[in-house]
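Work through these exercises with the structure open beside you. Try each task before you read its solution.

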Amino acid sequence: MGETEQRPTAGSRLGAQENAGISTLEHGQKPPMTPPGKLISIKIQMLDDTQETFEVPQRAPGKVLHEAVCNHLNLVEGDYFGLEFPDHKKMMVWLDLLKPVMKQIRRPKHVVVKFVVKFFPPDHAQLQEELTRYLFALQVKQDLAQGRLVCNDTSTALLISHIVQSEIGDFDETIDREHLAKNKYIPQQEALEDKIMEFHRNHMGQTPAESDFQLLEIARRLEMYGIRLHPAKDREGTKINLAVANTGILVFQGHTKINAFNWAKVRKLSFKRKRFLIKLRPDVNSSFQDTLEFLMASRDFCKSFWKICVEHHAFFRLFEEPKPKPKPVLFSRGSSFRFSGRTQKQVLDYVKEGGHKKVQFERKHSKIHSIRSPTAQPSEQHTEVPKQSSSFAYGENNDAAVVQSCRQGKELKASAEDVGQHKSPSLKKSPKEGKKVDGAVVSTVEEEEETPKDRMQQNRPHSQQPSTGSLTGSPHLSELSINSQGGPSVANMSLSPNLSPDAKQSSPLISPLLNDPSCIRTDDEEEVKRKRFPTEKAYFIAKEVATTERTYLKDLEVITSWFQSAVSKEDCMPETLKNLIFSNFEPLHKFHTGFLKEIEQRLALWEGRSNAHVKGDHQRIGDVMLKNIQNMKQLTIHLWKHNEILMELENGIKNSRKLEIFCRDFELQKVCYLPLNTFLLRPLHRLMHYKQIMERLCKYYPPSHIDFRDSRAALAEISEMVAQLHGNMIKMENFQKLHELKKDLIGIDNLVIPEREFIRLGSLSKLSGKGLQQRMFFLFNDILLYTSRGLTASNQFKVHGHLPLYGMTIEESEEEWGVPHCLTLRGQHQSIIVAASTRAEMDKWTEDIQMAIDLAEKSSGPAPELLASSPPDNKSPDETSVDQESEDDLSASRTSLERQSPHRGNTTVHVCWHRNTSVSMIDFSIAVENQLSGNLLRKFKNSNGWQKLWVVFTNFCMFFYKSHQDNHPLASLPLLGYSLTIPSESENIHKDYVFKLHFKSHVYYFRAESEYTFERWMEVIRSATSSASRTRALSHKEPHTY
């Protein structure tokens, strides 16, 4: 067989040495690693019209292909160039350097990618390499041929004369005519040939490098130099063309520039569907409107042009590459697109520092060889990038543009993460000095298309401080600029799809703290971690003890540190109450601090992270649990006091308005992510967790295991403690729930009375003369309340009426009223008709109401009067005056979360209202058992990147932290109403231990570290994603004492 023919590369064709690739990396850096995987071939058309084929891995980001082309050309200043290709709609688009190539070029065999100039500098003298200027000259030649560079005949002839000079050398009439006959530089060239030769005669002795320089000197003065027109219409429907240049946004009519908006004048750019919006800075001397609107052919055209604007602004106006956008945990708004690569200033700085070699290259049509040298540059005085930079934003069509600086949009794609790991040659940072710039740069865009923030550090503070609206229980966001140091993070916010604020408010999941690059974990890191750490189930059970103990200790600190500190500053609590609370909680905190330390030390030994590790001796947890549970028994006296603490605190709040306000304000603090009285129950809840953990450990161990005896003894000890405190826990849970519901209701005086037990709450539709209207129902063992969302600032529910259960009957009445899932509740004095959202919801309500009726029948008599300010609703469904304010109430229910309310906007009651579901006391009891903490990797539906988060699951809700060391969550996701499934093959997850949460169109994927943790997360989340029926819940609880 013959030898394979060696195809000339672009570098060899230009005369470069095959192994003389020039790297733009700093000394000591390594070239970017190429992602493994199947290779794909990409055809690249160079500026000299030749084609080269490059092979890159399928998963490789566009940056890898771009750098491969630059390396083949030995091109130092490759950042001025880009790769352009036709997408599936035949629209020419730029290759995104952060996205995988295969996700952009779907059919690489049928696509030819063009390597062309992307950024045209204001002065060609800023191009410091001869090869770069040569490629720019080829681009000018190409633009002339394609009719892009429109100019008069004289300029055209002069440009072509310099091209001819660089290709064939000095003027010779015969050679010139032959050359022009063979090479068509423009259509209808024959009419200009004499003028071309006349100009060519004047270029005697000019080298090709000098010809390139002169060519660019002429071209840069032309109005259409480097311009790509994008058809659009103005508000009047007049056809115009938009373009972007190094100076800003340009408006053309035909090929005539009629307007220009310099970057300094532009406050924000955005697009909304097909509308491209330019928001200008206020100018008393200008006749322009504040916001200019242009209509483009389609949303894709509009977005493509917007991206180009983002890149041009970043390249020419910034000193450094924009930082990667922080990822939101749950919700995303805006595009993940951002400029990637060095800015022009970084390119200039690098080349000036001489961090490259000079390599010979050969021009395709030239007889003269050149050596890379800056000598062809007439002067160095033009090599400085413009120092002035403007305050600028690309963003949403929203007047509060500065507020949008808090937005971060969707998370970065996986390719961006890959690029982040392997530093590209084009990512060299420039020196820090001279980095300041006037104003802020903000990036947002509507329709869930948000740009990256490309702001540099500020030279002066803003006169307008950015802030955002908050949800209930959440303080305002303060300024979160891209380079802010230690900026405040977002507080206790709930982020369900139905609980989110409107589009004008920022998402709390996009705090830079939450989305710091340090919390992103790659697949390779995960594999290393899995190989290094133990894999047996007992290890992960022990690890669950540690992760949940961390959360428990943080919950104790809410009382012993944060609450105590706040109390000490305010004279609002009696000394006796202070002593009662803190004298019983501080010993618990001290004990569990040591307990956690001991668990973590054992885990370190187990994992082999300690020199004292001896295989087998420390691969157990039963002995540590037994020792500490036995010591914990000495603290039982403090646990018995918790019932008294809870009752005394509630009595103090009832008797002191000052203490009530103090506790309410404390609940608004970031650290108090749950109701205050819930933290008082945490020590009793923790006993249940220990018992469950030891049950799982004993079930896993065979009797012969070295750790079985200690684990069995620890289980017996903790089961004894739980049994002793069982009755006390039941009473405290009910007492706490009644007081919690009291805060959510208005129009009621004596909700908390002895012997009253909470059973179920949820959303039902009540039939009245106005039709079905949403109401919130609260079922107790003696009475049924129905309420609507009030118009109060506190988002409380107003009681409309109540039905005593004594003597009540319940019957299905779908056929009678023609309403699905309909029930008629007939009391002694009134009847109401209600409808559930589903058959399952109706069955739960029927079962619980019937059980409550039976309990009421066994009691001594009717319930006492409840309503304080609103009379009971004793009217029939036929009377149209029922619930007169219902329409306003329903309107308020849709918008109240969009208002800034001081309290109680994301409690379980409000979640049930918005999700149109219900939850029972048994569900709450199950939730007490199903609490979990640990690290998870989170991914959105339309993204590739997995982000590492510390997640705490409690009270039907997932709370998200950057790490377990954080004092407060950055965001939360209530799970009532969500569905829990396993991703299907069509979703292309291709990872182990992934579960999927979805509600309507909202989809989130979470990835656990092992099979055990995956099953545990599935188990605890399943308990919250749907409300339990009483039968199922009781069967679920059978194995447990509590």
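**Exercise 1: A sheet and its helix**

Strand β1 (residues 39–45) runs antiparallel to β2, and seven bridges join the two. The model is a predicted one. Task: place this pair in its sheet, then find the helix that packs on the sheet.

Solution.
Step 1. Start with one bridge: L39 is partnered by P57 in β2.
Step 2. Widen the view. Five strands make up an open sheet, ordered β2-β1-β5-β3-β4, with mixed pairing.
Step 3. Find the edges. They are β2 (51–57) and β4 (92–94), each of which pairs on one side only.
Step 4. Look at the twist. From one strand to the next it averages 35 degrees.
Step 5. Add the helix. Helix α2 (residues 62–73) packs on the sheet and touches β1, β2, β3 (81–86) and β5 (112–117). The direction of helix α2 makes about 135 degrees with that of β2.

**Exercise 2: The nonpolar cores**

Task: find which residues have the most contacts inside the largest nonpolar core.

Solution.
Step 1. Recall the general trend. In soluble globular proteins, nonpolar side chains tend to be buried together.
Step 2. Turn to the largest core, which has 102 residues. I44, F115, F276 and I278 have the most contacts inside this core.
Step 3. Ask what supplies its largest share. Helix α9 (residues 299–317) does, with nine residues.
Step 4. Look elsewhere. Another core, of 77 residues, lies apart from the largest one; I559, L580, L680 and L687 are among its members.
Step 5. Zoom in on I44. Leaving out residues up to four places away in sequence, I44 touches T50, Q51, E52, F54, L65, V69, L83, V113 and F115.

**Exercise 3: A histidine in a helix**

Task: decide whether H685 is buried or exposed.

Solution.
Step 1. Locate H685: it sits in helix α19 (residues 676–700).
Step 2. Apply the cut-off. Buried means under 20% relative accessible area. H685 has 4% relative accessibility, so it counts as buried.
Step 3. List its contacts. Beyond residues up to four places away in sequence, H685 touches E733, V928 and Q931.

**Exercise 4: Cysteines**

Task: work out how many disulfides the structure holds, and why C672 has no bond to its closest cysteine.

Solution.
Step 1. Count: there are zero disulfides.
Step 2. Check C663. Its nearest cysteine sulfur, that of C572, is 6.9 Å away, and C663 is in no disulfide.
Step 3. Check C672. The closest cysteine sulfur is in C663, 9.3 Å away, so it is too far for a bond.
Step 4. Compare with the cut-off: the two sulfur atoms of a disulfide lie within 2.5 Å.
Step 5. Check burial. C663 is buried at 5% relative accessibility, and C672 is buried at 2%.

Conventions: Residues are numbered from 1 along each chain as its sequence is written. This is a predicted model: local features need pLDDT of at least 70, side-chain atom pairs count only at pLDDT 80 or more; totals for chains, interfaces and linings use all residues. Side-chain values use heavy atoms; hydrogens and water are left out. A nonpolar core is a set of buried Ala, Val, Leu, Ile, Met, Phe, Trp, Tyr and Cys residues joined through side-chain atoms within 4.5 Å. Buried means under 20% relative accessible area, exposed over 50%, partly exposed in between (1.4 Å probe, protein chains only). Helices (H or I, at least four residues) and strands (E, at least two) are DSSP runs, numbered from the N terminus. Contact means heavy atoms within 4.5 Å. Two strands pair if DSSP finds at least two bridges between them. Axes are lines fitted to C-alpha atoms, for helices over the stretch in contact, and angles run from 0 to 180 degrees between N-to-C directions.
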